[in-house]
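Morning, everyone. Let me put the model up, and then we'll walk through a few spots in it.

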Amino acid sequence: MSAYKSDFLNILAERGFIHQVSEPEALDARASAGTLTAYIGFDCTAASLHIGSLLPIMMLYWLQQTGHRPIALMGGGTTRVGDPSGKDESRRILTDAMINENLAGIRKIFGKFLKFEGDGGNAVMANNADWLNTLNYIDFLRDVGRHFSVNRMLSFDSVKMRLDFVELNKRYDCALQMGGSDQWGNIINGIDLGRRMNNAHLFALTAPLITTSSGAKMGKTAAGAVWLNADMVSPYDYWQYWRNTEDGDVSRFLKLFTVLPLAEIARLSALKGAELNEAKKVLATEATALVHGRAAADEASDTARKTFEEGAHAEHLPTIEIAHAELEKGIGVLTAFAEKTSLVSSNGDARRQIKAGGLKVNDATVSDDKMSLTSKDLTADGVIKLSLGKKKHVLLKPV
């Protein structure tokens, strides 16, 4: 047990979510006394969130599970600002239509973790465009500007972003902002502005930035970001991402990214050697179930078992459709692995993998980089199975 009295902070502490807390005793007392409203801000520059957003989503999940009210604040207003310098492609300026489309996709993800108002819950999905888009510069100078120096006011957009905490406090009695440890300074500035403008007692809580045991940034693979929407990363590939967790991260990730009881996590974490692979499979299935549902998680697990342990061409492997005519002409093995399936990043990468014995067609190792795939390579199931190593497989299916 942690030193906290409130269920909310106790769970966050025991599962490893807490890096820093402002006034921990006062926040603990507030969370123990009644419903606490807290928020986390999320970017909406893409149609989906990725695994990097999963830890803050889990913090909001545990907030609601312990009887409090979560707010997922979407940056619809700050996304319109973008990065005026044009240097940050991830912060490019988007139109309102593009932002609304992104918000619709992201809402589906939150619906897997939170119960919103109207759906039997109390969670709120707010959008800072509601107040930033109508912000008048003269009114802003009058109401907000007197709390900042001239130099800070010259950075108009950065000050606007600190208004979120103030507005959410006014509208929803929000008293806590949570975020990554790199956001501590911004959150503290928002607390200061809330005290000056609303005479409000606000709090900050940050989580550690997550890297793997080897020091790599979590959520990035050779194929790019690991998105949470199924149409961007399949449930099978998502399951595989978690199955490939490094040994030293299994216990920590079970606490952060599943809702398994801590006693069960302790049992799984105690497994050693080859038995630790069973813990990784549990992690993969439980993490996938939260995002894609239990049925999809079990299907991904079953597909992996059939593919790896039984050597079958499991029907639920990722499948790429190709034209019959194209296959009749012949598809170069380099093109098949790089361009058609993206199992490798380039033709050069494919050649290197072939030299190392890392590529297989229908479970047979490829030795010739000039090999061509034709209809003769179709299995009895009418597909061609391409494999990179032991864990990445894609089926080519002529249509």
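This is a predicted model. Start with the open sheet. Five strands make it up, running E9-E15-E14-E11-E12, and the pairing is mixed. At the edges sit strand E9 (319–322) and strand E12 (364–365), each paired on one side only. Helix H18, residues 333–340, packs on this sheet. H18 touches E9, E11, E14 and strand E15 (392–398). Its direction makes about 110° with that of E11.

Now look at one pairing. Strand E11, residues 359–361, runs antiparallel to strand E14, residues 384–388, over three bridges. Find Lys 360: opposite this residue, in E14, stands Ser 387.

Next stop, Asn 127. This residue lies in strand E4, residues 124–127. Buried or exposed? Buried, because its relative accessibility is 16% and the cut-off for buried is under 20%. Which residues does Asn 127 touch, leaving out those up to four places away in sequence? Leu 73, Met 74, Gly 75, Gly 76, Gly 77 and Leu 103. There is also a polar contact: the Asn 127 side chain reaches the backbone nitrogen of Ala 129 at 3.0 Å.

Last, helix H1, residues 7–15. Its buried residues are Phe 8, Leu 9, Asn 10, Leu 12 and Arg 15. What covers them? Among the elements are helix H2 (24–33), helix H3 (54–65), helix H13 (250–257) and helix H14 (262–269). Strands contribute to that cover too, including E5 (176–180) and E6 (203–207). After H1 comes Gly 16, with a positive phi near 90°.

That's the tour. Over to you.

Notes:
Residues numbered from 1 in each chain as written. Predicted model: local features only at pLDDT ≥ 70, side-chain atom pairs only at ≥ 80, totals over all residues. Heavy atoms only, no water. Helix = DSSP H or I, 4+ residues; strand = E, 2+ residues; numbered from the N terminus. Buried < 20%, exposed > 50% of the residue type's maximum accessible area, 1.4 Å probe, protein only. Polar contact = N/O pair within 3.5 Å; in protein donor to acceptor, adjacent residues only side chain to side chain. Contact = heavy atoms within 4.5 Å. Pairing = 2+ DSSP bridges. Axes fitted to C-alpha atoms, helices over the stretch in contact; angles between N-to-C directions.
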